[in-house]
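Here's a quick tour of a protein model, made for someone meeting it for the first time. Have a look at the sequence and the 3D view, then work through the points underneath.

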Amino acid sequence: MQSHDVEYFIDGVRYVGHMATPDGDGVRPAVLVCHEGPGMTEHPRWRARRLADELGYVAFALDYWGDGQPLPADILWPTFEKLRADKALTRQRAQAGLDVLLAHPRADRSRVASIGYCFGGTMSLELGRAGVPLQAMVGFHSGLQNSDPSDAANITGKVLVFIGADDPAIPPEQRLEFEQSMRDAGVDWQMILYSQAEHSFTNKDADRPGFRYHERTDRRSWRAMVDFLAEVFGLFAHANVLQRDMYPSATKFESEIVAMTASMLRADAVTEADQREQMQAQARMQLEQQQAQHEATLDQLRFQHEAQLAEWKAQ
């Protein structure tokens, strides 16, 4: 896996994102990563590297504040409120990051997703609401508010959002409004609620009332995202994720069993066609084994019968 910062410009303003690519040289599904409200930190860069290293995706963590740095605390809230109130500006900055991702020669433009954290999740949803042809949109403790619910009709891909049941920033009324907009638009959507989880449950640096890291929910939501993207892209989940995220406290023996099981699914992602071919080959092998066992049983029965005949004749 390789990763590096990428400089790009929007209306003359400098932004610095982070690109991560898996080993190899073939085209791979592409995933945009949108950071939390405070700004670009190591967290979205690390998520992009995980997507590349563990899942084999080309991933780009965009920057929507500029210079690849978090906003100073004294201007964060007014700057954030300005962006949140301006849907066109939000979509412009999301599209700029997506353009950088899709310009990468290994990005498969037919298999594209956007994931985001906090307002980054909102940004991912806004791409879909703008009619951008994403195959998947994923939001972690994502703001669900939308000034024009009818925009959901523009979403063509699948939607998955993870929400903490105790998140003060995303109250039940907001969840219900989001659900209604998705239902009215006929979107293929999912919302998973996690008990005891507050806002920012994926961010290990979050530790204040209502905004806290929650290890169990972080692990479960990432695992659910892995499965979701594998389904959308038509891929197997990767063995590294199966081993580490599903069984984080496994013994050495248990880890070996999980690794062996995962290797049967193949460590590298394969297409559904490859999966069907594997299943057909396994079925053929099983049939051949059954035929061989059947023939061996018949040979044994013939031998026993001939031995009995020989014994009767000798009498």
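The protein's secondary structure adds up to 9 helices and 10 strands. Keep in mind that you're looking at a predicted model. Of its 315 residues, 48% are buried.

**The sheet**

- Eight of the strands are easiest to follow as one open sheet, a sheet of 8 strands in the order S1-S2-S4-S3-S5-S6-S7-S8, with mixed pairing.
- The edges belong to strand S1 (2–10) and strand S8 (189–194), and each of these pairs on one side only.
- On average, neighbouring strands in this sheet are turned by 20° against each other, if you ignore direction.
- A bit of background: strands in a sheet pair through backbone hydrogen bonds, and they can do so in a parallel or an antiparallel way.
- S1 and strand S2 (residues 13–21) go for the antiparallel option, with 9 bridges between them.
- Want one bridge to look for? Find His4, whose bridge partner in S2 is Met19.

**A helix across the strands**

- Helix H4 (residues 119–129) lies across strand S3 (28–34), strand S5 (107–117), strand S6 (136–140) and strand S7 (158–164).
- Relative to S5, H4 runs at about 140°.

**Zooming in on Thr90**

- You'll find Thr90 in helix H3 (residues 87–102).
- Is Thr90 buried or exposed? Thr90 counts as buried because its relative accessibility is 2%, and the cut-off for buried is under 20%.
- Leaving out residues up to four places away in sequence, Thr90 touches Leu83, Phe119, Met123 and Glu126.

**The nonpolar cores**

- The largest nonpolar core has 42 residues, and the ones touching the most other members are Phe60, Leu101 and Val159.
- Which element gives this core its largest share? That's H3, with 7 residues.
- There's also a second, separate core of 31 residues, and Ala20, Ala48, Met225 and Leu235 are among them.
- Back to Val159: setting aside neighbours within four places in sequence, its contacts include Leu125, Met137, Phe178 and Met182.
- Val187, Asp188, Trp189, Gln190 and Phe228 are also in contact with Val159.

**The whole protein**

- Take the contacts with a separation of 6 or more: 65% of them are between residues 24 or more positions apart.
- The accessible surface comes to about 16200 Å², and carbon and sulfur atoms account for 52% of that.

Conventions. Residues numbered from 1 in each chain as written. Predicted model: local features only at pLDDT ≥ 70, side-chain atom pairs only at ≥ 80, totals over all residues. Heavy atoms only, no water. Pairing = 2+ DSSP bridges. Helix = DSSP H or I, 4+ residues; strand = E, 2+ residues; numbered from the N terminus. Axes fitted to C-alpha atoms, helices over the stretch in contact; angles between N-to-C directions. Contact = heavy atoms within 4.5 Å. Buried < 20%, exposed > 50% of the residue type's maximum accessible area, 1.4 Å probe, protein only. Areas by Shrake-Rupley, 256 points an atom, 1.4 Å probe, with all protein chains shown as cover. Core = buried A, V, L, I, M, F, W, Y, C linked by side-chain atoms within 4.5 Å.
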